[in-house]
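Hello,

Here is the structure I promised to pass on. Please open it first, then read the notes below it.

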Amino acid sequence: MLSAKFHTFGCRLNHTETSSMAKSLADAGFSLVEQTNSLADVHVINSCSVTNQAVKKCKQLIRSIKRNDSNAKIVLAGCFAQSHLADAMSVPGVDILLGNVEKFSLADYLKDYAKNSEATKVVDVKKIPAGSFMVNSPPTRLTKTRVNLKIQDGCDFFCSFCIIPFARGRSRSRDIDNLLAEANLLVSKGFRELVLTGVNIGLYQNKGVDFMGLLAFLAKIKGLDRIRISSIEPTTIDESLLEEMADSDSKIVNHLHLPLQSGNDIILRDMRRKYTCHEFLDFTQKAVSMVPNICIGTDVIVGFPSETKDDFAKTYRFLDESPINYFHVFPFSIREGTVAAKIKFKENQAEHKRWAKSLRTLSSQKWRLYYIKYIGEKMKILLEDEVAVNLWRGYSSNYIRVLVAGENLANKICQVEVTNFDDQFNALKGKLV
Ligand code: SF4
């Protein structure tokens with residue numbers, strides 16, 4: 001029996017896809033190696049090309065695998081192969097190179113490769129087809145209480161900095177019947193929370209069902225407690241989603257992650273984003289007034305080429321004053337082939353680093369303030385894992401991490417009274433009530 005080890009870079013979607021790829025290899029008779037630093041016959045790298053850093057780390061990983069075991073076979077799959085084929089082909093040590101569609105037939109490629117007596121390099125990276133898609137090897141192991149459900153792939157928006165439309169093609173949606181079959185299967189296996197995943201999931205559209213229609217179908221699944229929307233473009237949703245979230249019986253949790261990218265209209269225009277700061281703020285304010293206790297997170301890019309000190313100061317002020325509770329900060333990364341790659345930088349990298357640091361500090365402060373508001377409150381927590389003996393960690397519907405003492409609480413939803421903030425685990429702590 002051959003062993004295979006998976007290495008994943010990048011976003012939640014890529015991790016979800018790795019689970020499907022791993023399941024297909026397990027079904028084909030491979031043993032999966034999960035421990036870090038252990039050897040395997042085949043190493044599969046599901047790559048990311050969103051930043052230069054992700055590509056650099058991918059190349060470093062391949063070098064280190066080959067250093068430890070020169071006989072190991074390497075499969076390089078996913079976004080790096082798809083969007084920068086010539087560069088990916090030049091990486092030494094790669095045996096099989098697969099694009100974002102071909103990677104789902106990994107087991108077949110490995111079988112063919114084993115028969116290939118001359119062991120010549122295999123390269124298969126085709127243009128991503130339009131139209132709906134199916135997922136044939138959904139992950140089925142109950143490892144946690146919540147699980148990602150891929151509903152969509154690709155993007156039509158072509159923001160000026162983003163390589164994703166080149167790496168994952170145009171927007172396309174998963175076949176609704178195939179999607180609901182997996183959702184039902186996952187719930188029957190014991191998962192209580194589904195996290196809807198994709199590149200631009202608000203564009204979901206299949207057989208006359210749009211994103212809101214899909215939520216309605218998923219909400220009907222018996223035994224499912226929570227539906228979480230991973231990250232959604234602000235222009236693809238409207239108040240109807242907020243109305244749905246505001247309903248106390250709704251399974252759609254009161255948590256939104258809306259990528260802002262910049263709190264400055266000039267930079268938003270240069271980024272080719274589809275909204276103004278005022279529109280974004282207006283929507284988040286509505287969300288706060290309509291949906292009790294909603295948590296709102298966002299992504300911000302710092303160091304966009306045309307961004308000046310004054311532009312950044314506006315973004316900082318916008319985030320400071322907005323009702324956003326936390327932000328993920330990404331330094332701008334030049335991606336060849338994008339419009340932004342041609343824009344000249346107005347500030348230097350040292351300045352960009354200072355900006356990123358200051359925004360991360362602001363995010364931590366806002367996040368902590370949001371958390372400590374709940375001290376003394378009672379919350380329903382879906383408990384996931386035991387972080388120390390008889391100490392369980394879980395999440396509220398609005399994505400607050402809470403610790404509680406108890407026995408055998410995995411996958412249980414418990415009422416918890418919050419008592420304090422625990423610095424060691426960066427979480428709230430409470431007691432069962
Ligand atoms: S919406 Fe913009 S940033 Fe998001 S995936 Fe599409 S092109 Fe990239």
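**Ligand shell**

The residues around the ligand are C155, F157, F158, C159, C162, I164, P165, V199, N200 and E233. By type, this shell divides into 8 nonpolar residues, 1 polar and 1 charged. Please bear in mind that this is a predicted model.

**Domains and cores**

The domain assignment gives three segments: domain 1 (3–124), domain 2 (231–372) and domain 3 (378–432). The centres of domain 1 and domain 2, taken over C-alpha atoms, are 33 Å apart.

Where does the largest nonpolar core lie? The core counts 90 residues. V44, V75, L76 and L194 have the most contacts inside it. Strand β15 (residues 295–302) supplies the largest share, with 5 residues. Both domain 1 (3–124) and domain 2 (231–372) give residues to this core, so it lies between them.

Another core lies apart from that one. It has 15 residues, among them M379, L383, V404 and L409.

Back to L194. Leaving out residues up to four places away in sequence, L194 touches V147, L149, A183, L186, L218, L224 and I227.

**Helix α13**

Helix α13 covers residues 349–372, which is 24 residues. At 1.5 Å a residue, the helix should span 34 Å. Its end C-alpha atoms are 35 Å apart, which agrees.

Four of its residues to look at are W355, L359, S363 and Y371, which are buried. What do the buried residues of α13 pack against? Their partners are β15, α12 (309–321), β16 (326–331), β20 (413–422) and β21 (427–432). Strand β15 is also the one that gives the core of 90 residues its largest share.

**D225**

D225 sits in the loop between α8 (211–219) and β13 (226–229). Is D225 buried or partly exposed? D225 counts as partly exposed, because it has 18 C-beta neighbours inside 10 Å. Being buried would take 20 or more.

Setting aside residues up to four places away in sequence, D225 touches R192, E193, K251 and I413. A pair worth displaying is D225 and S397. They are 172 residues apart in sequence. In space, they are 10.0 Å apart, C-alpha to C-alpha.

**To take away**

Start with the core between domain 1 and domain 2. Then turn to α13 and its packing partners. Finish with D225 in its loop.

Best wishes

Conventions: Residues are numbered from 1 along each chain as its sequence is written. This is a predicted model: local features need pLDDT of at least 70, side-chain atom pairs count only at pLDDT 80 or more; totals for chains, interfaces and linings use all residues. Domain bounds come from an automatic or database domain assignment. Helices (H or I, at least four residues) and strands (E, at least two) are DSSP runs, numbered from the N terminus. A residue is buried if 20 or more other C-beta atoms lie within 10 Å of its own, exposed if 12 or fewer, and partly exposed in between; C-beta atoms are placed from the backbone. Two residues are in contact if their C-beta atoms, placed from the backbone, lie within 7 Å. A nonpolar core is a set of buried Ala, Val, Leu, Ile, Met, Phe, Trp, Tyr and Cys residues joined through C-beta atoms within 7 Å. A residue is near a molecule or strand if its C-beta atom, placed from the backbone, lies within 6 Å of it. Ala, Val, Leu, Ile, Met, Phe, Trp, Tyr, Cys and Pro count as nonpolar, Asp, Glu, Lys and Arg as charged, and the others, Gly among them, as polar. The expected span of a helix is 1.5 Å times one less than its number of residues.
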